[in-house]
Amino acid sequence: MGILVFGADGGGTKTLGLISNQNGSIAARRTVGASNPNVVGFDTAAKNLFELISGCCADAGCSPGDLRSIVLGLSGAGREDARKQLREGIFALAGRELPLTIETDARIGLEGAFEGAPGVVIIAGTGSVVIGKKISGEAVTIGGWGRALGDEGSGFFLGLEGLKSLRLYYDGRGGSQLLAKLIEKEFGLNSRERIIAAVYQEKFEFSKIAPLVLNAAEKNDAVALRILDAGATELTEQARTLVERLNVVGKIGVAFFGGLIESENMYSKILKSKIAERIPSAEVRLPARSPAEGAVLMALQELKRMD
């Protein structure tokens with residue numbers, strides 16, 4: 001059987017787990033439900049994670065106790081108290097302590113993107129964060145403060161700016177007619193009363209507007225393009241500050257993650273253009289490996305430290 005390690009990438013919808021041998025060959029792969037404790041709660045998150053570990057072990061012909069290192073990269077696990085509660089829940093289900101490390105999904109994404117080398121990852125989905133790694137191995141994070149204090153350039157940011165445009169449109173002070181029509185068609189927000197009720201009483205999720213902003217921008221809508229430009233500027237400035245703090249000599253790789261920018265679209269094109277203009281040392285690259293593979297790499301590194 002040899003030495004085995006486990007890595008997982010977990011979010012608010014699904015969690016992918018991998019078992020690898022010490023040479024990096026994948027021995028088992030399995031997917032379960034969500035493991036973000038902010039979405040499903042700590043008990044369900046721990047249950048899903050232990051089910052994933054156990055299921056992968058069954059596929060690989062081992063038991064959880066045989067795993068020499070386990071790294072879980074999870075959204076919603078940025079705080080130490082959250083990580084502690086998840087660890088305790090998993091240990092209770094396992095009936096024993098396991099060699100378990102919990103990281104953020106951003107951190108394993110960074111590790112996989114550059115196969116352990118220094119680099120920068122920009123993540124823009126519902127929220128946003130920029131994370132980088134120094135030559136020393138130290139990780140540095142900028143942004144990721146959440147919607148109340150930050151999340152610049154995220155789906156929440158684009159959606160909020162889209163709703164501000166809607167406010168201006170219905171007040172007769174500008175805004176985008178195209179964006180207003182797209183929002184009316186998709187969500188029925190077609191009056192001052194409906195918009196206020198949706199935002200303040202129905203807790204409308206602002207990030208749902210982001211795809212419509214992208215749609216309008218693809219149709220060359222000036223307001224939507226300004227919103228994308230503002231979001232890309234914020235993300236670029238965060239990345240520029242981070243690159244300065246990393247003190248990497250020569251070129252440094254930059255990879256994109258998150259539903260808004262990981263595919264080729266108007267937003268990712270604007271972001272790439274701004275990075276090229278404002279961060280001369282940056283090279284935008286496709287990630288070398290997936291976040292789950294990044295978790296496996298971190299598990300292998302942890303194994304070396306323990307030995």
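**View 1. Helix α2 and its packing partners in the predicted model.**
The buried residues of α2 pack against the strands β1 (4-10), β2 (15-21), β3 (26-32) and β4 (67-74), and against the helices α1 and α3 (80-94). This structure is a predicted model. The buried set of α2 consists of F42, A45, A46, N48, L49, F50, L52, I53, G55, C56 and C57. Helix α2 comprises 19 residues (42-60), which at 1.5 Å a residue should span 27 Å; the end C-alpha atoms are 27 Å apart, so the expected and modelled lengths agree. Just after α2, G61 adopts a positive phi of about 75°.

**View 2. The open sheet containing strands β1 to β5.**
Five strands form an open sheet with mixed pairing, and their order is β3-β2-β1-β4-β5. The edges are occupied by β3 and β5 (100-104), each with a single partner strand, so one side of each has no neighbour in the sheet. On average, neighbouring strands of this sheet are turned by 15° against each other, direction ignored. Strands β2 and β3 run antiparallel and are joined by 6 bridges. Within this pairing, L16 has T31 of β3 as its bridge partner.

**View 3. Helices α3 and α11 across the sheet of β1 to β5.**
Helix α3 lies across β4 and β5, and its direction makes an angle of about 140° with β5. Helix α11 (residues 291-306) lies across β1, β2, β4 and β5. The angle between α11 and β1 is likewise given as about 140°.

**View 4. The open sheet containing strands β6 to β10.**
An open sheet of 5 strands, with mixed pairing, follows the order β8-β7-β6-β9-β10. Strands β8 (139-143) and β10 (282-284) stand at the edges; each has a single partner strand, so one side of each is left without a neighbour in the sheet. Neighbouring strands here are turned by 25° against each other on average, direction ignored. In general, the strands of a sheet pair through backbone hydrogen bonds, either parallel or antiparallel.

**View 5. Strands β6, β7 and β8 in detail.**
Strand β6 (residues 119-124) and strand β7 (residues 128-133) run antiparallel, joined by 6 bridges. The bridge partner of V121 in β7 is I131. Strand β7 also pairs with β8 in the antiparallel sense, over 5 bridges. In β8, T141 is the bridge partner of I131. The hairpin of β7 and β8 has 5 residues between the strands, and G137 in this hairpin takes a positive phi near 100°.

**View 6. The crossing of helices α5 and α6.**
Helices α5 and α6 pack at an angle of about 105°, with their axes 9 Å apart. This angle makes α5 roughly perpendicular to α6. On the α5 side, the contact is made by G162, S165, L166, Y169 and Y170. On the α6 side, the contributing residues are Q177, L179, A180, K181, I183 and E184.

**View 7. Helix α8 and its surroundings.**
In α8, the residues A210, L212, V213, L214, A216 and A217 are buried. The buried residues of α8 pack against four helices, namely α5 (155-170), α6 (177-187), α9 (222-246) and α10 (266-278). After α8 comes N220, whose phi is positive, near 70°.

**View 8. Two loop residues with positive phi.**
Most residues other than glycine have a negative phi. E115, which is not a glycine, nevertheless has a positive phi of about 50°. E115 lies in the loop between α4 (105-113) and β6, and with a relative accessible area of 47% it is partly exposed. N247, also a residue other than glycine, has a positive phi near 55°. N247 is located in the loop between α9 and β9 (252-257); at 59% relative accessibility, N247 counts as exposed.

**View 9. Confidence along the predicted chain.**
The protein chain has a mean pLDDT of 93, and 99% of its residues reach 70 or more. Confidence is lowest in helix α1 (residues 37-40), where the mean is 88. The highest confidence belongs to helix α8 (residues 210-218), at 97.

Terms used:
Residues are numbered from 1 along each chain as its sequence is written. This is a predicted model: local features need pLDDT of at least 70, side-chain atom pairs count only at pLDDT 80 or more; totals for chains, interfaces and linings use all residues. Side-chain values use heavy atoms; hydrogens and water are left out. Two strands pair if DSSP finds at least two bridges between them. Axes are lines fitted to C-alpha atoms, for helices over the stretch in contact, and angles run from 0 to 180 degrees between N-to-C directions. pLDDT is the predictor's confidence in each residue, from 0 to 100. The expected span of a helix is 1.5 Å times one less than its number of residues. Buried means under 20% relative accessible area, exposed over 50%, partly exposed in between (1.4 Å probe, protein chains only). Contact means heavy atoms within 4.5 Å. Angles under 35 degrees count as roughly parallel, over 145 as roughly antiparallel, 65 to 115 as roughly perpendicular and the rest as oblique.
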